[in-house]
Structures are given as C-alpha cells and as structure tokens.
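Subject: Structure handover and notes

Dear colleague,

I am passing the structure below on to you, together with some notes on what was found in it. Please read the notes with the structure open beside them.

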Amino acid sequence: MFSLQMKVRDYECDVQGVVNNARYLHYFEHARHEWLHEMGIDFASLAKDGLHLMLRRVEVDYRQPLRPGEVFTVHSRLLSGGRAKVIFEQWIERDGSLCVSSRSEAVVVRNGRPQAFGKHPELALLVGVAE
C-alpha cells in the first residue's frame, strides 16, 4: 500500500466552496504516478518506447467534500486483475474520515493493442505487488 499526503488548493474548489468532483481524479492520478515512480516505473521512458499504462475504467464514490486548505491523504493499493490489467483501489481520508473512494482498471497498451504485463519486465513488478 502507498499513501501520499496532499493539501487542497483554493483554485481546485468550485463556487460552492468544495473541491470540484473532477479534481479528485487528479488527486488519484497524482498518487498513482508518485507510487509507480517510487517503484522505479518511469512513465516518460515507457512512452518513448511506445508502452503505455492507460486507465480503462474508473468508478468514484463521493462521501464528504474537501474544502480549501484542508490536508488529506490519498491511499492506494493494487489488486490482482489478470495478465493484462491491474486494478487500483484508492481512497481519500481527512482526519481519519473517508471522503472519496475509487476503483480504477489499468491496461498496458503498445501500438494500440493490449499487452500482457509479463511481456514487459519494467511493468511485471505491478503484478507482483497486487494482492
């Protein structure tokens, strides 16, 4: 599991004074990228080689809004998804309270075609991390 602490910036909020719902996808994406980077997976390098880890599906459940200046933590974990996909489970907590949860399915694509993770040692690590 990976956790990343962040803080709400004013410009991420809408006229109602809460984080705009689309911003939560940015928080989740940033946490995934930081986690993968920590595991030694470099998106820029993979893209240069024509290999892309792409989201295929995202589900989000909103429970409590975040507001400007609040500090929160994005938690991430990988679930086994099969030979050509992984599933990220992510959730955001503020002061121990669940605010938003998400489940995302990611696939590996090269030249527009799905690829098995095992074909790419630089990504096979993801399958080993998945529960």
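The notes below take up the nonpolar core, then the cysteines, and then two residues in the strands.

Please bear in mind throughout that this is a predicted model.

The largest nonpolar core holds 30 residues, and the members that touch the most others in it are Tyr27, Leu66, Ile92 and Leu126. Two or more residues each come from strand 1 (2–7), strand 2 (51–62), strand 3 (71–80), strand 4 (85–94) and strand 5 (97–110), as well as from helix 1 (23–38) and helix 3 (121–129). Helix 1 makes the greatest contribution to this core, giving six residues. As general background, nonpolar side chains in soluble globular proteins tend to be buried together.

Leu66 deserves a separate entry, since its contacts can be listed in full: with neighbours within four places in sequence left aside, Leu66 is in contact with Val8, Val18, Val19, Tyr24, Tyr27, Phe72, Ile92, Arg94 and Cys99. Two of these partners, Tyr27 and Ile92, are also named with Leu66 among the residues that touch the most other core members.

Turning to the cysteines, the structure holds zero disulfides. For Cys13, which is in no disulfide, the nearest cysteine sulfur is that of Cys99, at 12 Å, and for Cys99, likewise in no disulfide, the nearest is that of Cys13, at 12 Å. A disulfide here would need the two sulfur atoms to be within 2.5 Å. Both residues are nevertheless buried, Cys13 with a relative accessible area of 17% and Cys99 with one of 0%.

How accessible is Leu98, which lies in strand 5, and what is its relative accessibility? Leu98 counts as partly exposed, at 30% relative accessibility. When neighbours within four places in sequence are left aside, Leu98 is in contact with Arg63, Gln64, Trp91, Ile92 and Glu93. The C-alpha atoms of Leu98 and Phe72 are separated by 9.9 Å, with the two residues 26 apart along the chain.

Lastly, Ser76 is found in strand 3 and counts as buried, with a relative accessibility of 0%. The side chain of Ser76 is joined to that of Gln90 by a polar contact of 2.9 Å. Not counting residues up to four places away in sequence, Ser76 touches Met1, Phe2, Ala31, Trp35, Glu89 and Gln90, so that Gln90 appears both in this list and in the polar contact.

With best regards

Methods. Residues are numbered from 1 along each chain as its sequence is written. This is a predicted model: local features need pLDDT of at least 70, side-chain atom pairs count only at pLDDT 80 or more; totals for chains, interfaces and linings use all residues. Side-chain values use heavy atoms; hydrogens and water are left out. A nonpolar core is a set of buried Ala, Val, Leu, Ile, Met, Phe, Trp, Tyr and Cys residues joined through side-chain atoms within 4.5 Å. Buried means under 20% relative accessible area, exposed over 50%, partly exposed in between (1.4 Å probe, protein chains only). Helices (H or I, at least four residues) and strands (E, at least two) are DSSP runs, numbered from the N terminus. Contact means heavy atoms within 4.5 Å. A polar contact is a pair of N or O atoms within 3.5 Å; within protein, one must be able to donate a hydrogen and the other to accept it, and residues adjacent in sequence count only if both atoms are side-chain atoms.
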